[in-house]
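Please open the model in your viewer, with the sequence panel beside it, and follow the stops below in order. Each stop says what to select next and then what is there.

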Amino acid sequence: LVDKIEERAGVSVSAAQRLPSALLSEWCKKAGRPPPKYRPCSGGRFRCILPDSKKGESSDKDLSYAPAGAPGSAAGAREES
């Protein structure tokens, strides 16, 4: 058996793999949370924001994550956040 290699969001993955953004979206859906938001930040990186409220408003309880290093490629920057 040979896995088919696909390109998703500028990243090469096999058919059995899922991107980090897809895993996070699925987890938010199962946990009853709003979907994650991605915002560009300095250095070509993306900040991932997990909203706390369902109102869509910014909150002090929102969880925010950003990678420490520069992304490997511009196309895969969102997946590295």
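Begin by selecting S21 together with Y38, R78 and E79, since these three are the residues that S21 touches when those up to four places away in sequence are not counted, a contact being heavy atoms within 4.5 Å. S21 is found in helix α1, which covers residues 20-31; helices (H or I, at least four residues) and strands (E, at least two) are DSSP runs, numbered from the N terminus. With a relative accessibility of 12%, S21 counts as buried, where buried means under 20% relative accessible area, exposed means over 50%, and partly exposed lies in between, using a 1.4 Å probe and protein chains only.

Before going further, keep in mind that this is a predicted model, in which local features need pLDDT of at least 70 and side-chain atom pairs count only at pLDDT 80 or more, while totals for chains, interfaces and linings use all residues. Residues are numbered from 1 along each chain as its sequence is written, and side-chain values use heavy atoms, with hydrogens and water left out.

Next, select the strands β3, β4 and β5. In the order β3-β4-β5, these 3 strands form an open sheet with antiparallel pairing, and two strands are taken to pair if DSSP finds at least two bridges between them. The edge strands are β3 and β5, each of which pairs on one side only. From one strand to the next the twist averages 25°, with axes as lines fitted to C-alpha atoms (for helices over the stretch in contact) and angles running from 0 to 180 degrees between N-to-C directions. Strands of a sheet pair through backbone hydrogen bonds, either parallel or antiparallel.

Now restrict the selection to residues 37-40, which are strand β3, and residues 46-50, which are strand β4; 4 bridges join these antiparallel strands. Within this pairing, K37 has I49 of β4 as its bridge partner, and Y38 is partnered by C48 of β4. The two strands form a hairpin with 5 residues between them, and in the turn G43 has a positive phi of about 75°.

Stay in the loop between β3 and β4 and select R45, whose place is there. R45 is buried, with a relative accessible area of 19%, and the side chain of R45 reaches the backbone oxygen of P67 at 2.5 Å.

On the other side of the pairing, select residues 63-65, strand β5, which pairs with β4 in the antiparallel sense over 3 bridges. L50 has L63 of β5 as its bridge partner. Y65 also lies in strand β5 and is partly exposed, with a relative accessible area of 46%. Leaving aside neighbours within four places in sequence, Y65 is in contact with F46, R47, C48 and L50. The C-alpha atoms of Y65 and I49 are separated by 6.4 Å, although these residues are 16 apart along the chain.

Finally, select the cysteines: how many disulfides are there? A disulfide is a pair of cysteine sulfur atoms within 2.5 Å, and by this rule the count comes to 0. For C28, the nearest cysteine sulfur is that of C48, 7.5 Å away. C28 is buried, with a relative accessible area of 1%, whereas C41 is partly exposed at 22%.

Notes: Polar contact = N/O pair within 3.5 Å; in protein donor to acceptor, adjacent residues only side chain to side chain.
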